[in-house]
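Subject: Structure for your review

Dear colleague,

Please find below the structure that I am handing over to you. My findings follow directly after it.

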Amino acid sequence: MTPPDPFGELFGDASVPHEALRRQAFNLRWATQPADVIPLTAADPDFPVAPAVREAIARQARQGLFCYGPAEGLPAFRDACSRFSEERRHCPARPEQVLAVDSAAAGMRQVCAHLLRPGDEAIIFDPVDFLFQAAVEAAGGRVRRLPVDALSGELALDQLESLVTPRTRLLGICNPLNPVGRVLRQEELERLASLALRHHLVILNDEVWADIVYPPHRFQSVAALGPELAARCWTVHGFSKNYGLAGLRVGCVVTPDAAACAALAHSSLASTTMSGVSTLSQIAAVAALQEADDWLAAWLQHLRRQRDLAVAELGTMPGTRVRAPEGTYVLFPQVDHRGLEPEALTARLLERQRLAVVPGSPRWFGPGAQGHLRLVFSTSEAILREGLSRLQRGLEELAEDSG
Ligand SMILES: Cc1ncc(COP(=O)(O)O)c(C=O)c1O
C-alpha cells in the first residue's frame, strides 16, 4: 500500500493563495500584472513556505526580541550553513568561512565588488542569468562569454582558453545553469577548474539552484573537486529557489577561509552595520535547513511532475523544441519567433493571450538566448496547464498570421 503523502495537498491547485499573490508577488509576477494575466516569469514558487519555517518565524516574533546580530551572521546560521555545505554539497567549510548575505544576488554583487578592480575581466556562460553580468559590471568589470548550447546545455569548452586575457580574473559558474536547466558534468567541472588553476582565477560559484535537481542527474560542486579548488571558490547559496524565501532576503557565501570571510564582511560594510541580514530571516533559513527536508522532497516531487507535463505539452507546439531541464524549475524552449524580436514576441503573448514569460533577450540572459523564451513551472498543475494552453494558442496564431 502506498503511504499517504502528508505534503500532497501543499502543492495542489487549492493551495495557491491567489488573492495574496496578487498583492504580494512582485518582480514580474502576480502583483505587477493585470488581473487576467498568468505570470510564468520570475522563478519564485506560487505556494506558501514549509510549515517549519512559518513556525520558527512565529516563535521568534512571539519572543519579541529583534536585537542586532553579528556582522557575519548569527552563530546558529553560520553553523547550519557550514553543515549544509559539508553534508549536502560535500564541501567541508567551517562556520567562520560563512558570511550571511541578504540574498544570493547580493552575495554575487558583494563577491564581485570585493574581488574585481575596474577593467578586470570575468568569463561567464552564455546564456546565463543576468545577475552574473550585472554583478561583474557593478564592480567595474567586463564579461567575456563562453557559449552554451541553449537547447542541449552543452558548454563550448574548446573555446574556454581563447577567452582568457591578461585582465581575466574571475570565472563565473552557474550550476545548475539557469536558464538552460543543465546540471554540469564532472568532466565539465574539471575542465573549468583546470582553467581556473592554470590562470589563477577566482571562481564565483553560484549554486542557488543546487537543491532542485531531478534524478538520475546528480549535483556535484566544483568546490568539492579538491582543496586547491575550494581555496579559489566563493560559493553563493540561496533560500529562494529551494525553500521559497525570496522576500526574506537571505543567502550565504562560503568563502575560501576565515580571513577571506572577514575581509568580505569588511568590504561589504557588514561590520559597520550599513549592510547585513535580518536576524529573523536567518532564523527562518536555519529552520528551512534543519526542519524542512520532507517538505523539500515533496516540493521536488511536485516539480518533477510539472516539468514532465510542461515538456510533453511544449513538444506538441508549432515551431518549438525543448529539452527537459535536469535541474531548476525553468524551461527554455526554442521557439520560432517568425521574425519577431524576443520582446515583441513576449509582448504579443501578453497582450493577446494574457500570458507573461521572459524573452530570450541579451538583457536577461546574454546574446546566446536568441530564439528562446523562458517560463517557470513552480506553480500548480491547473495554472501551468492554462499557461501552456495560452502559449500554444499564441504560437498557433502567430504561425497563421505569418503564413
Ligand atoms: C542563477 C541564479 N543566481 C542567483 C539568483 C538570485 O537568487 P536570490 O533571489 O536568492 O538572490 C537567481 C534567481 O533567479 C538565479 O537564477
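Strands β13 and β14 (residues 373-376) run antiparallel and are joined by two bridges. One residue pair can be named here: P359 has L373 of β14 as its bridge partner. Please note that these statements, like those below, concern a predicted model.

The two strands belong to an open sheet of three strands, ordered β10-β14-β13, in which the pairing is antiparallel. Because β10 (330-331) and β13 (358-359) are at the edges and each has a single partner strand, one side of each lacks a neighbour in the sheet.

The ligand site

Which residues are closest to the ligand? They are A105, N178, D206, S240 and K241, out of 13 residues that surround the ligand. By class, this shell consists of seven nonpolar, three polar and three charged residues. Helix α4 (residues 104-115) makes the greatest contribution to the shell, namely three residues. The space that the ligand takes up is the largest pocket.

Three side chains may be listed with their computed distances to polar atoms of the ligand:

- D206: an N or O atom of the side chain is 2.5 Å from a nitrogen atom of the ligand.
- K241: an N or O atom of the side chain is 2.8 Å from an oxygen atom of the ligand.
- W209: a polar side-chain atom is 3.0 Å from an oxygen atom of the ligand.

As for burial, the ligand taken alone exposes 390 Å², and 91% of that area is buried by the protein.

Backbone features in loops

Two cis peptide bonds should be kept in view when you inspect the backbone. One joins N175 and P176, with omega at about -5°; P176 is located in the loop between β5 (168-174) and α6 (186-198). The other runs from P215 to P216 and has omega near 10°. P216 is found in the loop between β6 (202-206) and α7 (227-230).

A further point concerns R249, a residue other than glycine that has a positive phi, near 50°. R249 lies in the loop that connects β7 (233-238) and β8 (251-254).

In brief, the items for your attention are the ligand in the largest pocket, the three-stranded open sheet, the cis bonds before P176 and P216, and the positive phi of R249.

With kind regards

Key
Residues numbered from 1 in each chain as written. Predicted model: local features only at pLDDT ≥ 70, side-chain atom pairs only at ≥ 80, totals over all residues. Heavy atoms only, no water. Near = heavy atom within 4 Å. Polar contact = N/O pair within 3.5 Å; in protein donor to acceptor, adjacent residues only side chain to side chain. Areas by Shrake-Rupley, 256 points an atom, 1.4 Å probe, with all protein chains shown as cover. 1 Å grid on protein atoms, 1.4 Å probe; cavity = no way out; pocket = protein on both sides within 12 Å on 5 of 7 lines; lining within 4 Å. Sits in = over half its atoms within 2 Å of the grid points. Helix = DSSP H or I, 4+ residues; strand = E, 2+ residues; numbered from the N terminus. Nonpolar A, V, L, I, M, F, W, Y, C, P; charged D, E, K, R; others polar. Pairing = 2+ DSSP bridges.
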